[in-house]
Amino acid sequence: MRFDVITLFPELFGPHQAHGVTRRAFESGQVEVRLWNLRDFGDPPHARVDDRPYGGGPGMVLLAEPLERALAAVRAARAEADPAPLVNFSPAGEPLRQDRVEAFAAGAGAILLCARYEGVDQRFIDARVDLELSIGDYVLSGGDLPALVLLDAVARLQPGVLGDARSHQQDSFSDGLLDCPHYSRPERLAVGAGEVPVPDVLLSGHHAAIERWRRDQALATTRARRPDLVEAARAAGRLDAADEAALAPKPRPKL
Ligand code: 4FV
């Protein structure tokens, strides 16, 4: 798959592709990232890409015409029969979720627009942008970090990138639930004056019991922190009788 990134800071993307477990996805070409500097399409004579907002007010707005030129160059380079979607990152976008990441991970890629300043001339968005995504209800200085977030989430799902494919099958949100807790050495951890052991079941070698415990923990954590996800999993039929038993409020012990 191929992602073309339209950005004013292409230098932000190199380090991400050279480090961490996702490096394999980029080095192997499974995820190809082409960087386009919007400045190269700026209005002459000073390669201007932004200007003051009509109607006054603070900040600057990314101009539509340089973006049109950049997009035309990207589309010409991709030369696709089935044009890839143009994605803009904005707080007004659809919240990015794992199901959307999995859809991108199974697709041909996209064109990622990394806005800066107050944002993009709305006429360009209305005419050209196929999808707006948000990575959270806060304001960033640009769309570059959201683009990196998407590239990272997609790259780690590529075959062979995570040592063990089960890793992402047992991920948070893999089943719409939050993840279970994880433990590793030492078996008994010194904490303050005491010691905290690893839960016995994890040392039992009893795989079915371990799997059930992890599922119950994921359900309990999700119910406590994201009850909306439990409702969504229930509505999608992803909870079975054992799950519902684990979610059922425990009868209070008679005093
Ligand atoms: C953002 C977000 C975000 C807004 C104006 C870029 C900035 C600036 N994008 N999720 N939250 N974008 O804050 O996706 O141009």
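This report walks through a predicted model, starting with its parallel sheet and ending with a few unusual backbone spots.

## The parallel sheet

Let us begin with the sheet. Five strands make up an open sheet in the order 2-1-6-5-7, and their pairing is parallel. The edges belong to strand 2 (32-37) and strand 7 (131-134); each has a single partner strand, so one side of each lacks a neighbour in the sheet. Averaged over neighbouring strands, and with direction ignored, the turn of one strand against the next is 35°.

The pairings can be followed strand by strand. Strand 1 (residues 2-7) runs parallel to strand 2, and 6 bridges join them. Within this pairing, R2 of the model faces E32 in strand 2. Two helices pack on the sheet. Helix 4 (residues 98-105) touches strand 1, strand 5 (86-95), strand 6 (109-113) and strand 7, and its direction makes about 130° with that of strand 7. Helix 6 (residues 144-155) touches strand 1, strand 2, strand 5 and strand 6, and its direction makes about 170° with that of strand 1.

Strand 1 also pairs with strand 6, again in the parallel sense, over 5 bridges. Here R2 turns up once more, with G109 as its bridge partner in strand 6. Strand 5 and strand 6 run parallel as well, joined by 3 bridges, and N88 has L113 as its bridge partner in strand 6.

How many of the residues of strand 6 are buried? The count is 5 of the 5, so strand 6 is largely enclosed by the rest of the structure. As background, side chains in a regular strand alternate between the two faces of the sheet. In strand 6, G109, I111 and L113 point one way, A110 and L112 point the other way, and all are buried.

One residue of strand 5 deserves a closer look: S90, which lies in that strand. Its relative accessibility is 18%, and the limit for buried is under 20%, so S90 counts as buried. Leaving aside residues up to four places away in sequence, S90 touches E132, L133 and S134.

## A hairpin

Elsewhere in the chain, strand 8 (residues 188-191) and strand 9 (residues 194-197) run antiparallel and are joined by 4 bridges. R188 is paired with P197 as its bridge partner in strand 9. Strands 8 and 9 form a hairpin with 2 residues between them, and G192 in the turn has a positive phi of about 60°.

## Helix 8 and its neighbours

Does the length of helix 8 agree or disagree with what its residue count predicts? At 1.5 Å a residue, the 19 residues of helix 8 (residues 207-225) should span 27 Å, and the end C-alpha atoms are 27 Å apart, which agrees.

The buried residues of helix 8 are I210, W213, R215, A218, L219 and T222. They pack against helix 9 (227-235) and helix 10 (241-247). In general, an α-helix has 3.6 residues a turn, so residues three or four places apart point the same way.

The axes of helix 8 and helix 9 lie 5 Å apart, and the two helices pack at an angle of about 120°. That angle makes helix 8 oblique to helix 9. On the helix 8 side, T222, R223, A224 and R225 make the contact, while helix 9 contributes P227, L229 and V230. The residues of this contact divide into 4 nonpolar, 1 polar and 2 charged.

## Backbone spots to check

Two cis peptide bonds and two positive phi values outside glycine are collected here.

| Site | Backbone feature | Location |
|---|---|---|
| P44 to P45 | cis, omega near 5° | P45: loop between strand 2 and strand 3 (50-51) |
| R185 to P186 | cis, omega about 0° | P186: loop between helix 7 (166-169) and strand 8 |
| A47 | positive phi, near 50° | loop between strand 2 and strand 3 |
| Y117 | positive phi, about 60° | loop between strand 6 and helix 5 (122-128) |

Are A47 and Y117 buried or partly exposed? With 21% relative accessibility, A47 counts as partly exposed. Y117, at 38% relative accessibility, counts as partly exposed too.

How values were computed:
Residues numbered from 1 in each chain as written. Predicted model: local features only at pLDDT ≥ 70, side-chain atom pairs only at ≥ 80, totals over all residues. Heavy atoms only, no water. Expected span 1.5 Å × (residues − 1). Buried < 20%, exposed > 50% of the residue type's maximum accessible area, 1.4 Å probe, protein only. Contact = heavy atoms within 4.5 Å. Axes fitted to C-alpha atoms, helices over the stretch in contact; angles between N-to-C directions. Parallel < 35°, antiparallel > 145°, perpendicular 65-115°, else oblique. Nonpolar A, V, L, I, M, F, W, Y, C, P; charged D, E, K, R; others polar. Pairing = 2+ DSSP bridges.
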